[in-house]
Amino acid sequence: MAGKNILDSKRGRLSTFGLLYVSEGIPLGFAAVAMAAFMRREGLEVAQVGAFVAAFYLPWAFKWAWAPLVDLIGLKRFGGRKAWIVLCQSLMIITLYAVAQIDHGNQFDLLITLVIVHNIFAATNDVAIDSLAVNTLHPDERGQGNGFMFGGAYIGQGLGGGGAMFISDRYGFDVSFMYVALLLLGVLVFTLFFVKDPTVSSQVAEKSAEVWRKFKESLASFLRELRVGFFKSGPGPLVGVIFALLPFGAMSLSSAVATTLQVDIGMSDSQIAQLNVASMVVSAFGCILGGWLADKLGRRKMLAAYYAMTTLPVLYMASLLGGDAELGGVPIPVYFATSIAFYLFTGMHYGTSAAIFMGLTNPAIAATQFTGFMALRNLTISYTQAWQGAAVDAWNYSAMFYIDAGLAILPILVIPFLRERDSSIQPPTAGAPLPEAG
């Protein structure tokens, strides 16, 4: 299509990627907040809720397995990465519609299966968006860009979590599925009409008959670039792999156990929804503020500070839950304020850490390498959801919070070693996308 591309301007890039990330946050918020609260009220154990949310994140943890398809199959005839985004967002809506049609009480296993399938498409949507961002954002925009992106994700989580709970409280849990699908449809319409992949040329150089003939050559070239990206670009990318598998500071006040705790201390669905929406708005602000400060004052230094700050609300909550007080020692207004502070600090580190991972990524294999880093972070979220739920059932909330805060020391110790990749080392040949699909 002719016409000006919204991604040609800095303002357009920041706003576009922020909105695209809204579509990523919506289903995650729906699962971690609305569905987790629903399951806890239905009598499921904290460990079961944690295991469910952990399973929900698994497609995101293993999206690296199919990420090369986005790099190798560019779909330039259909709009490049935009085509991937539109396809995945459409399938996300279709699978959510399917989820809304089943009996959630009597077909719980099918519900989990369909939600996981939905997240395979959501994770692939993320792969394509991240690849487009790495190839579009300017180096001096990465902090702000990722701030807007993860800010958008937090807004999406608020809409999918707290927003869905408002709908569920008023119209029933089943209607909340349709509400979430409509939100995703809005982002899809924006993508169709306003987003263009700037790397797409106006011509397709090869015909479809040549695709499979050149597949082997393209794959070999891609693998050489992948080797350079991870193993021949200085120590930074390999340290990044280790870093991605460590906790993101303290995490417990944003995990599934936070939702179960909210139910256990007596918060109503309306109160949980209000807290979730407020937390997501604060997190989005934190993403933008944190990214801006990191660009000005140094990303690694500020990231370490942000991680340390997340431990403060968690330690305070652990002290409130300790001793003989247990759940009765946490007034709802106090929990509300503590959670808001935690989400501000969490938002500040999300965009900054993603900007650091972008600095470790080779643009030639952006969908795969950056996706690999993000997938490992989602694996961290998954195993964290699982161990925290099990820890609460085995001990109590207070012990789990203390452990969570203590583990935050590990990533802080690694941050000084996160050096950007050595851009002077280039792959032996430029990777070529598949001719027809690209």
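## Around the largest cavity

Helices α1, α2 (46-61), α6 (142-171), α10, α11 (269-297), α13 (332-359) and α14 (366-394) each supply at least two residues of the lining of the largest cavity. Helix α1 gives the most, with 7 residues. In total, 40 residues line this cavity, and L28, Y57, Q157, Y350 and I381 are the ones nearest its centre. The space inside is about 650 Å³. How many cavities of 30 Å³ or more does a search of the whole structure find? The search finds 3.

Keep in mind as you look around that this is a predicted model. The protein has 16 helices and 0 strands. Of its 438 residues, 58% are buried. Among contacts with a separation of 6 or more, 86% join residues 24 or more positions apart. On the outside, the protein exposes about 17,200 Å², with carbon and sulfur atoms supplying 66% of that area.

Now for the charged pairs. A search of the whole structure finds 2 salt bridges, listed here:

| Salt bridge | Closest N and O atoms |
|---|---|
| R40 with D264 | 2.9 Å |
| D295 with R299 | 3.0 Å |

What does the pair R40 and D264 tie together? R40 lies in helix α1 (residues 10-41) and D264 in helix α10 (residues 256-264), so the salt bridge links parts that are 224 residues apart in sequence. Helices α1 and α10 also appear among those that supply at least two residues of the lining of the largest cavity.

Are R40 and D264 buried or partly exposed? R40 has a relative accessibility of 19%, and because buried means under 20%, R40 counts as buried. D264, at 25%, counts as partly exposed. In the other salt bridge, D295 is partly exposed too, with a relative accessible area of 26%.

Finally, how confident is the prediction? The mean pLDDT of the protein is 78, and 79% of the residues reach 70 or more. Which elements have the lowest and the highest mean pLDDT? Helix α8 (residues 211-231) has the lowest, at 53, while helix α15 (residues 397-407) has the highest, at 93. Over residues 202-212 the pLDDT is below 50, and this stretch has 13 contacts in the model beyond near neighbours in sequence. Residues 427-438 also have a pLDDT below 50, and that stretch has 46 such contacts.

Terms used
Residues are numbered from 1 along each chain as its sequence is written. This is a predicted model: local features need pLDDT of at least 70, side-chain atom pairs count only at pLDDT 80 or more; totals for chains, interfaces and linings use all residues. Side-chain values use heavy atoms; hydrogens and water are left out. Helices (H or I, at least four residues) and strands (E, at least two) are DSSP runs, numbered from the N terminus. Buried means under 20% relative accessible area, exposed over 50%, partly exposed in between (1.4 Å probe, protein chains only). Contact means heavy atoms within 4.5 Å. Accessible areas come from the Shrake-Rupley method with a 1.4 Å probe; for residues, only the protein chains shown count as cover. A salt bridge is a side-chain nitrogen of Lys or Arg within 4 Å of a carboxyl oxygen of Asp or Glu. pLDDT is the predictor's confidence in each residue, from 0 to 100. On a 1 Å grid over the protein atoms alone, a cavity is a set of points where a 1.4 Å probe fits but cannot get out, and a pocket is an open set with protein on both sides within 12 Å along at least five of seven lines; lining residues have an atom within 4 Å of a point. Grid points are joined across faces, edges and corners, and a volume is the space filled by probe spheres set on the points.
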